[in-house]
Amino acid sequence: MATRIKLFGLGKTDRLKGRKAIDALFSSGRRMPVFPYLVFYQFRKPATGTNPLQCGFGAGTRHFKKAVDRNRIKRLTREAWRILKPELAGVLQPSRKEMELFIIYTGKTLPDTALVQEKVSGIIKKLIKLVHENSAEDN
């Protein structure tokens, strides 16, 4: 039976997991602020069997003491990412690039859905621009 790839899915292989991978991203990756988010990203060499676009999500305990609030922020961000990521994946695929990123919410107030959608869209637009710039440097 052939495996089906979900266009708008956010499965296990789409998530950036593992302490080593996340620590490597934070130490050697680049950062990009898009208030109220901070995005850590890095391009990686294509490897067989890995997803070309992996993402992790976080919210700090400094401003959100309750796990319920942190989980809501991460859930809203994951949902916006799930819907908007095919745009970035479509740019990465022809350029034969792979990317890891981690999105951290740094705001002080609980966001609403519209704000999260708008900001994640802005993040994706900036990342697409970075992919094009990186492709131009390689050529």
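Where is the place of E98? Keep that question in mind while you get your bearings, because the model is predicted and a quick look at the whole chain comes before any single residue.

**The whole chain**Start with everything shown as a cartoon. The protein chain has three helices and four strands, and from the N terminus on they run α-β-β-β-α-β-α. A box around the C-alpha atoms, taken along the principal axes, comes to roughly 45 × 40 × 30 Å. The radius of gyration is 15 Å, which agrees with the value near 14 Å for a compact globule of 139 residues.

Now switch on a surface. Its accessible area is about 8,900 Å², and 54% of that belongs to carbon and sulfur atoms. Of the 139 residues, 42% count as buried. If you draw a contact map alongside, residues 24 or more positions apart account for 80% of the contacts with a separation of 6 or more. Colouring by charge gives 28 positive and 12 negative charges, with mean positions 7 Å apart.

**Stop 1: E98**

Select E98, and the opening question is settled: E98 sits in strand β4. Its relative accessibility is 6%, so E98 counts as buried. Show what surrounds E98: leaving out residues up to four places away in sequence, E98 touches Q42, F43, R44, K45, P46, A47, T50, N51 and P52. For a sense of scale, draw a distance from E98 to N71: the two are 27 residues apart along the chain, and their C-alpha atoms are separated by 27 Å.

**Stop 2: K97 and R96**

Step back along the chain to K97, in the loop between α2 and β4. Is K97 buried or exposed? With a relative accessible area of 13%, K97 is buried. Beyond residues up to four places away in sequence, K97 touches F43, P52, L92, N134, S135 and D138.

R96 lies in the loop between α2 and β4 too, but R96 is exposed, at 69% relative accessibility. Check the backbone here: R96 is not a glycine, yet its phi is positive, about 55 degrees. Most residues other than glycine have a negative phi.

**Stop 3: Q93 and P52**

Go on to Q93, found in helix α2. Q93 is exposed, with a relative accessible area of 64%. Add P52 to the selection: Q93 and P52 are 41 residues apart along the chain, and their C-alpha atoms are separated by 7.8 Å. P52 has turned up before, as one of the residues that K97 touches and one of those that E98 touches.

**Stop 4: the aromatic rings**

Hide everything but the aromatic side chains. How many aromatic pairs does a search of the whole structure find? The search finds five. One of them is Y41 with F43, an edge-to-face pair at 6.5 Å centre to centre with 80 degrees between the planes. Y41 is at 5% relative accessibility and so counts as buried, whereas F43 is partly exposed, at 24%.

Next, select F64 and Y105. Their ring centres are 5.9 Å apart and their planes stand at 50 degrees, so the pair is tilted. F64 belongs to the loop between β3 (53–59) and α2 (67–95), and Y105 to strand β4 (residues 98–105), so the pair ties together parts that are 41 residues apart in sequence. Both F64 and Y105 are buried.

Finish this stop with F26, F40 and F102, which form one aromatic cluster.

**Stop 5: L110**

Keep F64 on screen and add L110, in the loop between β4 and α3 (113–138). Leaving aside neighbours within four places in sequence, L110 is in contact with F64, D69, R72 and I73. From L110 to R72 the C-alpha distance is 8.6 Å, with their positions 38 residues apart in sequence. L110 is at 42% relative accessibility and so counts as partly exposed.

**Last stop: a cis proline**

Finally, select F35 and P36. Which form does the peptide bond from F35 to P36 take, cis or trans? The bond is cis, with omega near 10 degrees. Most peptide bonds are trans. P36 is placed in the loop between β1 (30–34) and β2 (37–44).

Terms used. Residues numbered from 1 in each chain as written. Predicted model: local features only at pLDDT ≥ 70, side-chain atom pairs only at ≥ 80, totals over all residues. Heavy atoms only, no water. Phe/Tyr/Trp six-rings, centres within 6.5 Å; stacked < 30°, edge-to-face > 60°. Buried < 20%, exposed > 50% of the residue type's maximum accessible area, 1.4 Å probe, protein only. Helix = DSSP H or I, 4+ residues; strand = E, 2+ residues; numbered from the N terminus. Rg over C-alpha atoms; globule rule 2.2 N^0.38 Å. Contact = heavy atoms within 4.5 Å. Areas by Shrake-Rupley, 256 points an atom, 1.4 Å probe, with all protein chains shown as cover. Lys, Arg positive; Asp, Glu negative; His and termini not counted. Charge placed at Lys NZ, Arg CZ, Asp CG, Glu CD.
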